[in-house]
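Subject: the model you asked about

Hi,

Here is the structure to look through, with my notes underneath. Open it first, then read on with it beside you.

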Amino acid sequence: MNGWVRIFSDDSSTREWHSAWGEMDEKQLVFYNNDATQSDLKSPFLMIDLEKELCIVRVVNEMPLKAEKGQMSHNIVHIRTENRNIYILAPSTQTAERWAEALQNASTRRMMLTRRPSSFAEQSCILVLSKPNNLTIHTTCVSEEFSIVTGYRCSQRFCICSVETDYLKVIDNCLLIGAQSGLFFTHVNTPRLPVRIGGFNSITAIECLQDINMLVFVIDHHRLLAFVPLLALKSELHVAQPYLRADVMPGYENIHMVAQHRQEKHWYLFAASSTKIYVLRYNMARDIFVAHQVMETNEPVVCIQSAPNGVYFGSDSFYFVQLGHTELEPIRVADPSIADYPIAVFPVGENEVILAYQNYGLFVNSHGKRTRSKVVEWEQMPMEFAYTAPYLYVIHYDSIEIMRIADYHGLDSSTILDEREVYECRNAHVVCCCPNGDVFISISNTESVEVHRFNATNCKKNTTKRKGYNLGGSDKRSKVDI
């Protein structure tokens, strides 16, 4: 990677942008005053050792100082090392993206080489779907009986459901597929053409509430809220022409996210649209959910997380809602001055959560008070998160990082332990998190999609040290061309 850029380093004696010719290989990034083809290549005025110095790479919108007229702020790549901050101002957005991708790859190589992880995570490939049957897994929902996955196949939206239970292990060895054209199922061990389950036009999301024998669907092109008994689905898997009738809840359209919450022996359902969160409460006597309250949001909801003492959600900021009160009043648990994008929130203690932003993570309680003074800074830009105590999964552009959250001992507690595992791959997407610690992640390209199972919680620690892994090198079927 090379080209003309403008750079600024905060350790420079002059606070101004400097025009430079940059060149980058696998080991170093150097900057020259003139075109490298004409200058002395032994005399760069700035050099970064990518294997030792590179810590964090980000594409940012904030300029460290004013640039010349016409220079766009969104063309800036921020490189952070232990001792300095360096900003690359590219001539175009496309050039900035190329520099960022090259630096992200270098950051991944550094993670793979310099981490000191123990082999604390199990990993196996459980499903391979090759073209033209490859699916891009989108989202999942899990209960003790059903593991439900939704996604896309070409221009159609799919939902894959592997039907399992702790005591039956597998119900008829079935794989359920929800598509834009309806609901289907096939068998896991002996796949055949999917059999249609009548009664659905399309399915975009599912939530499973096993304790009250209920499946919650978002169906149709209007994304309506609908309900089906779990036992009805189970029984229909055995008939020649299966059919299910969903009960549509009137008044709920354009739903993009559903989540369940249980508190004080009551079941609640949260259904988010672009501007509202509908809260429904389960009526046991009538065996239905009924409208409870509605909360307005400033921006669309990006995450909803149930916690022992209430529910957290993220939109323009992070909020906490305690159920049981007459009126639901969301409490902002993030500093209003934070100008970053919420991505996810996870309970990590009795009254402690981690607020995962695009650039860093903070530990707070349900009142928004910081529980740990230190901040977690992601080494690469995170795409997604998953959490199964005490392990945090961070999905990057070209890798999966598994790290352990340190035990809490007060405000001075550590945040993330040094040991971690890194898997090199692209197009990874979290599709399922289970109570037993299993995390299912899909990895896809144009030719195939695979679903890999990870579990750091149940794996016995191995004393063999490992620095990193490439999922394509596993003994099991896990090759994805990238």
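First, a bit of vocabulary: two strands pair if DSSP finds at least two bridges between them. Helices (H or I, at least four residues) and strands (E, at least two) are DSSP runs, numbered from the N terminus. With that in hand, here is a simple case: β6 and β7 form a hairpin, with four residues joining them.

Before going further, some housekeeping. This is a predicted model, in which local features need pLDDT of at least 70 and side-chain atom pairs count only at pLDDT 80 or more, while totals for chains, interfaces and linings use all residues. Residues are numbered from 1 along each chain as its sequence is written, and side-chain values use heavy atoms, with hydrogens and water left out.

**The chain overall**

The chain holds two helices and 40 strands. It has 482 residues, and 53% of them count as buried; buried means under 20% relative accessible area, exposed over 50%, and partly exposed in between (1.4 Å probe, protein chains only). As for contacts (heavy atoms within 4.5 Å), take those in the chain with a separation of 6 or more: 46% of them are between residues 24 or more positions apart.

**Back to that hairpin**

Strand β6 covers residues 76-80, and four of its five residues are buried. Its partner β7 (residues 85-89) runs antiparallel to it, and five bridges join the two. If you want a spot to zoom in on, V77 sits opposite I88 in β7.

**Two open sheets**

One open sheet has four strands in the order β16-β17-β18-β19, paired antiparallel. At its edges stand β16 (203-209) and β19 (247-248); each has a single partner strand, so one side of each has no neighbour in the sheet. Six bridges link β16 to β17 (residues 214-219), again in the antiparallel sense. A205 has V218 in β17 as its bridge partner.

Another open sheet of four strands goes β28-β29-β30-β31, also with antiparallel pairing. Here the edge strands are β28 and β31 (376-377), each pairing on one side only. β28 and β29 run antiparallel and are joined by six bridges, with G349 bridged to E352 in β29.

**A cavity by β28 and β29**

What is in the lining of the second largest cavity? Some terms before the answer: on a 1 Å grid over the protein atoms alone, a cavity is a set of points where a 1.4 Å probe fits but cannot get out, and lining residues have an atom within 4 Å of a point. Grid points are joined across faces, edges and corners, and a volume is the space filled by probe spheres set on the points. The count comes to two cavities of 30 Å³ or more, and the second largest contains about 30 Å³ of space.

Its lining residues are A307, P308, N309, Y312, P347, G349, E350, N351, E352 and V353. The elements giving two or more residues to that lining are β28 (342-349) and β29 (352-357). By type, the lining has five nonpolar, three polar and two charged residues. For that tally, Ala, Val, Leu, Ile, Met, Phe, Trp, Tyr, Cys and Pro count as nonpolar, Asp, Glu, Lys and Arg as charged, and the others, Gly among them, as polar.

**Around V394**

V394 lies in strand β33 (residues 391-395) and is buried, at 0% relative accessibility. Leaving out neighbours within four places in sequence, its contacts include W378, P382, F385, I400 and M403. W378 is 16 residues away along the chain, with 8.8 Å between the two C-alpha atoms.

β33 and β34 make a hairpin with three residues between them, and five bridges join these antiparallel strands. Y391 is opposite R404 in β34. Because six of the seven residues of β34 (residues 399-405) are buried, that strand is largely enclosed by the rest of the structure. β34 also pairs antiparallel with β35 (residues 416-424), over six bridges, and I405 has I416 in β35 as its bridge partner.

**One loop residue**

Last stop: T297, in the loop between β23 (288-296) and β24 (303-307). Is T297 buried or exposed? It is buried, with a relative accessible area of 10%. Not counting residues up to four places away in sequence, T297 touches S274, T275, K276, I277, F313 and S315.

Cheers

Technical notes:
On a 1 Å grid over the protein atoms alone, a cavity is a set of points where a 1.4 Å probe fits but cannot get out, and a pocket is an open set with protein on both sides within 12 Å along at least five of seven lines; lining residues have an atom within 4 Å of a point.
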